[in-house]
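Open the model in your viewer and keep the sequence panel beside it. The tour below goes from one selection to the next and says what is found at each stop.

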Amino acid sequence: MNYDDNLERLERHVGRVLRTGVLLSATALAMGLALLLAGQGGVARVLLVCGLVVLTAIPATRIVASLVDALRRRDPLLAFSTTVVLSVLGLLLLALRFWT
């Protein structure tokens with residue numbers, strides 16, 4: 001299996017994961033909104049937050065897949081840059097956690 005085949009396979013898997021994430025997020029958000037309109041505020045809030053968390057995690061999933069691919073291919077520049085991006089995302093999450 002050559003590099004192009006591996007990259008195509010990785011892109012298919014990542015695409016499947018991203019589509020699943022969008023579907024899960026949309027489902028949770030739709031159910032949360034429906035429950036909110038039905039007066040079930042507590043359960044609705046949980047579903048809405050879960051839907052937003054999954055939606056937020058989708059881009060990070062793509063970055064993690066890029067990091068794994070860079071490590072497999074022994075590409076130090078891509079591995080370093082994706083590690084920096086993930087570190088910044090992690091620091092932002094920590095800052096938000098302690099800021100609020």
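Start by selecting Arg-62 and Glu-11, whose side chains form a salt bridge with the closest N and O atoms 2.7 Å apart. The model is a predicted one, and the distances in this tour are computed from it. Side chains of opposite charge can pair when their charged atoms come close. What does this pair tie together? Arg-62 lies in helix α2 (residues 41-73) and Glu-11 in helix α1, so the salt bridge links parts that are 51 residues apart in sequence. Arg-62 has a relative accessible area of 26% and is therefore partly exposed. Glu-11, at 35% relative accessibility, is also classed as partly exposed.

**The whole protein**

Now zoom out and show the cartoon. How many helices and how many strands are there? The protein has three helices and zero strands, and along the sequence the pattern reads α-α-α. The radius of gyration is 17 Å, well over the 13 Å that the globule rule gives for 100 residues, so the protein is more spread out than a compact globule. Turn the model to view it along each principal axis: the C-alpha trace spans about 55 × 35 × 10 Å.

Next, switch on the surface. The protein exposes about 7,400 Å², and carbon and sulfur atoms supply 73% of that area. Of its 100 residues, 20% count as buried. Contacts can also be sorted by separation in sequence: among those between residues at least 6 apart, 43% join residues at least 24 apart.

**A salt bridge inside helix α1**

Select Glu-8 and Arg-12. Their side chains meet in a salt bridge, with 3.3 Å from N to O. Why are these two separated by about one helical turn? They are four residues apart in helix α1, which means a separation of about one turn. Glu-8 is partly exposed because its relative accessibility is 48%, and Arg-12 is partly exposed at 43%.

**A buried serine in helix α1**

Stay in helix α1 (residues 3-37) and select Ser-25, which has its place there. Is Ser-25 buried or exposed? Its relative accessibility is 1%, so Ser-25 counts as buried. To see what lies against Ser-25, show Gly-51, Val-54 and Leu-55: Ser-25 touches these three when residues up to four places away in sequence are not counted.

**A network that begins in helix α2**

Select Asp-69 and Arg-72. The two side chains meet in a salt bridge of 3.8 Å, N to O. Both residues lie in helix α2, three residues apart, which is about one turn of the helix. Asp-69 has a relative accessible area of 7%, so Asp-69 is buried, while Arg-72 is partly exposed at 46%. Now add Arg-73 and Asp-75 to the selection: salt bridges that share partners join Asp-69, Arg-72, Arg-73 and Asp-75 into one network. For the protein, the count comes to five salt bridges.

**The loop between α2 and α3**

Move on to Arg-74, which has its place in the loop between α2 and α3. Check its backbone angles: Arg-74 has a positive phi of about 60° although it is not a glycine. Arg-74 counts as exposed because its relative accessibility is 71%.

**Two stops in helix α3**

Select Thr-82, which lies in helix α3. With a relative accessible area of 7%, Thr-82 is buried. Draw a distance from a polar atom of the Thr-82 side chain to the backbone oxygen of Ala-79: it is 3.1 Å. Which residues are in contact with Thr-82, leaving aside its neighbours within four places in sequence? They are Ile-63, Ser-66 and Leu-67.

Finish with a selection of Phe-80, Val-84, Val-85, Val-88, Leu-89 and Leu-92. These residues form a nonpolar patch on the surface, and together they have about 510 Å² of accessible area. Pick out Leu-92, which lies in helix α3 (residues 76-99). At 48% relative accessibility, Leu-92 is classed as partly exposed.

Note on methods. Residues numbered from 1 in each chain as written. Predicted model: local features only at pLDDT ≥ 70, side-chain atom pairs only at ≥ 80, totals over all residues. Heavy atoms only, no water. Patch = residues over 30% accessible without salt bridge, like charges linked within 9 Å, V, L, I, M, F, W, Y side chains within 5 Å. Areas by Shrake-Rupley, 256 points an atom, 1.4 Å probe, with all protein chains shown as cover. Salt bridge = Lys/Arg side-chain N within 4 Å of Asp/Glu carboxyl O. Buried < 20%, exposed > 50% of the residue type's maximum accessible area, 1.4 Å probe, protein only. Contact = heavy atoms within 4.5 Å. Polar contact = N/O pair within 3.5 Å; in protein donor to acceptor, adjacent residues only side chain to side chain. Rg over C-alpha atoms; globule rule 2.2 N^0.38 Å.
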